[in-house]
Amino acid sequence: MNYHLNQIPDRTTKPRQKGLTMVMDKGLSLRQVEDFLETGADYTDIVKLGWATSYVTPNLKEKLALYKSAGIPVYFGGTLFEAFYIRGQFDDYRRILDEFGMEYAEVSDGSIEMESDIKCELIRTLATQVTVLSEVGSKDEAKIIPPYKWIKLMRMELEAGAWKVIGEAREGGNVGLFRSSGEVRQGLVEEILTEIPEEKIIWEAPQKSQQVWFVKLVGANVNVGNIAPQEVVSLETIRLGLRGDTFDHFLTK
Amino acid sequence: MNYHLNQIPDRTTKPRQKGLTMVMDKGLSLRQVEDFLETGADYTDIVKLGWATSYVTPNLKEKLALYKSAGIPVYFGGTLFEAFYIRGQFDDYRRILDEFGMEYAEVSDGSIEMESDIKCELIRTLATQVTVLSEVGSKDEAKIIPPYKWIKLMRMELEAGAWKVIGEAREGGNVGLFRSSGEVRQGLVEEILTEIPEEKIIWEAPQKSQQVWFVKLVGANVNVGNIAPQEVVSLETIRLGLRGDTFDHFLTK
Amino acid sequence: MNYHLNQIPDRTTKPRQKGLTMVMDKGLSLRQVEDFLETGADYTDIVKLGWATSYVTPNLKEKLALYKSAGIPVYFGGTLFEAFYIRGQFDDYRRILDEFGMEYAEVSDGSIEMESDIKCELIRTLATQVTVLSEVGSKDEAKIIPPYKWIKLMRMELEAGAWKVIGEAREGGNVGLFRSSGEVRQGLVEEILTEIPEEKIIWEAPQKSQQVWFVKLVGANVNVGNIAPQEVVSLETIRLGLRGDTFDHFLTK
């Protein structure tokens with residue numbers, strides 16, 4: 001840090017198993033990746049290439065190499081997995097993971113219907129090849145999953161071999177964990193945390209108010225995801241009680 | 001594309017007469033233009049220098065040269081045309097178009113009152129000098145233009161020599177084609193499309209939900225505009241059914 | 001300017017005492033600073049490193065040098081002052097200002113309780129070391145300060161040695177001067193302006209609608225702050241009546 005302040009909460013350092021920040025890259029240029037890493041590299045644990053943006057961005061191989069040289073793992077968004085799966089191209093997906101040297105992959109069912117047994121089978125298969133993140137929750141506003149089912153699904157997917165489970169939100173932050181207003185489903189999150197260890201979950205929290213909410217509930221070292229590259233510095237100050245929103249939270253009275 | 005997926009809708013390629021993406025540059029630096037073009041050049045058909053930003057940005061000549069070298073046409077926002085016109089400086093505007101080597105220009109009346117005969121006369125005049133885009137619709141929330149009049153104006157302006165007509169929205173996407181909530185005026189758009197060929201219209205659709213709406217209504221190759229540079233990759237995935245919002249749209253059941 | 005338009009309001013030039021634009025840098029990389037300055041340097045009078053972002057950004061010294069070479073003063077956000085003060089580290093803060101060669105500092109009480117006498121004393125102390133900006137208004141939505149008190153505080157703080165007083169908003173623009181909807185507290189602003197000279201106040205106005213509102217009320221040369229780097233060009237066009245929102249405002253009828 002650039003100077004010393006007392007009473008700053010302990011923050012985990014890399015490589016983190018807890019206190020992870022997952023950043024979403026939705027089509028950055030190589031230079032924009034470098035710019036983001038200049039300030040954000042120490043605070044970024046893993047990068048997702050949002051949904052299927054990797055299909056259309058012409059700089060994919062160079063970008064993967066750039067993140068690799070910075071020591072930051074990268075994975076393709078779950079929507080890409082779903083796009084292959086729904087087309088009966090799961091084997092192609094596995095080949096592509098190898099072709100691009102991917103070490104992580106996401107399994108999700110945000111845009112498709114998938115039985116949980118099948119999802120767990122796919123997790124098991126992919127876990128022989130890469131480190132798997134699995135995502136629970138739908139992108140469909142109309143599909144409300146009750147808390148007991150979130151817990152059951154998260155547990156099954158972790159047992160099937162997922163490294164972390166992700167609590168689904170959308171880039172805009174308005175489904176899954178969140179009401180259409182962007183407000184967090186508080187009871188849902190609290191109930192999940194009674195059953196699943198906090199370090200096994202990455203909460204998608206693209207909006208500042210959501211990041212604040214999770215830091216207040218879980219602490220400085222909550223795992224959060226879908227963070228925009230230009231918001232990583234802000235998130236770090238929120239974690240440390242150095243932005244207005246969490247200013248009081250870590251101070252002893 | 002970086003890998004093969006089945007059942008991806010056909011997408012037109014450059015030079016496109018249909019499936020155009022018009023991007024709004026509201027003051028990018030030269031390096032930011034290069035960054036945007038690294039991922040967006042193949043998907044960007046024309047760039048607008050938003051409203052009168054070209055008046056205050058010091059890098060104008062260099063920027064025009066940069067877009068030119070990438071083969072992407074550029075035009076000044078319609079508000080600049082209106083700023084000259086309302087000051088009785090239309091002839092100055094014509095000179096400036098030549099001075100900066102512009103090959104496209106927009107004629108609009110979003111912030112001023114202008115009889116349609118006069119507007120068509122100006123389109124005719126400018127069309128002898130450049131390729132003209134004309135814009136229909138007011139920036140004033142209180143001015144509701146009924147569908148039959150949108151159609152009449154679009155037809156007149158195309159007949160006067162406009163290459164494309166633009167359906168007005170604002171950068172924030174809340175007037176003209178849209179309700180103050182950002183919601184599309186669906187009946188208006190559908191009625192326009194019964195009378196004016198879709199390839200002649202560029203729909204301003206700065207918000208993701210609006211882009212999704214137009215892709216679902218018109219198809220992957222709808223012409224849309226006022227796209228932010230950093231959203232061009234996202235738009236391309238929406239066109240191809242590779243973002244959650246249009247994921248099902250192009251899949252055969 | 002790139003070309004000549006009649007009836008453009010007079011705009012002050014650097015070094016400005018009036019018509020100031022204060023920009024918030026919330027963690028830019030060095031190259032992003034250069035990009036912002038390419039178009040924004042002439043229109044940016046002072047830069048704030050937002051809240052305590054300077055604690056976590058690794059490029060702090062280089063960034064300060066970069067702004068210095070562009071002739072643009074920089075100061076740490078008021079939340080950082082408060083973070084030091086609340087920890088009993090005010091003397092450390094003074095040392096750090098010297099260590100980093102800061103020539104400006106902000107005194108605020110947006111996130112803490114502070115008697116106005118103490119605040120004025122701190123302003124007096126810091127004013128012997130740097131040029132002080134002091135901020136009035138709380139970040140807490142529940143704390144409504146009545147107009148007479150805003151005026152009294154602003155006057156006291158200017159008398160204590162503040163160069164300018166800042167009317168508080170948050171980055172998102174929804175407390176202090178603004179209702180939770182983002183709407184300006186019009187009566188409050190008008191009453192303040194009857195008592196405090198407009199050139200002594202910097203109004204935080206991060207949202208476009210707020211910038212438009214202040215330009216219409218005070219004029220092209222209103223002091224505004226918390227402007228995002230990528231919005232400086234837009235703000236300049238709003239000041240000059242060259243964006244739709246203020247298009248009519250400076251035209252003689």
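Visitor: Which residue of chain B does C:E34 form a salt bridge with?
Guide: In this predicted model, C:E34 forms a salt bridge with B:R31, and the closest N and O atoms of the pair are 2.8 Å apart. A salt bridge here is a side-chain nitrogen of Lys or Arg within 4 Å of a carboxyl oxygen of Asp or Glu.

Visitor: And how many salt bridges between chain B and chain C?
Guide: The count between chain B and chain C is three.

Visitor: Which helices of chain B supply the side that touches chain C?
Guide: On chain B, α1 (30-40), α2 (53-56) and α4 (78-86) each supply at least two residues of that side, helices being DSSP runs of H or I, at least four residues long, numbered from the N terminus. The largest share, six residues, comes from α4(B).

Visitor: What does the whole contact add up to?
Guide: Chain B contributes 32 residues and chain C 28 residues, with contact meaning heavy atoms within 4.5 Å. Together the two chains bury about 2800 Å², of which 56% lies on carbon and sulfur atoms (accessible area, 1.4 Å probe, lost on being put together and summed over both).

Visitor: New topic: what turn lays chain A on chain C?
Guide: A turn of 120 degrees, with a shift of 0.0 Å along the axis, lays chain A on chain C with an RMSD of 0.0 Å (least squares on C-alpha atoms with pLDDT of at least 70 in both). That is the relation of a three-fold axis.

Visitor: Do the copies meet through different surfaces or the same ones, and why?
Guide: They meet through different surfaces, because only 4% of the interface residues of chain A are also interface residues in chain C.

Visitor: What conventions apply?
Guide: Residues are numbered from 1 along each chain as its sequence is written, and chains are lettered from A and ligands numbered from 1 in the order in which they are written. Local features need pLDDT of at least 70 and side-chain atom pairs 80 or more, while totals for chains, interfaces and linings use all residues, and side-chain values use heavy atoms, without hydrogens and water.
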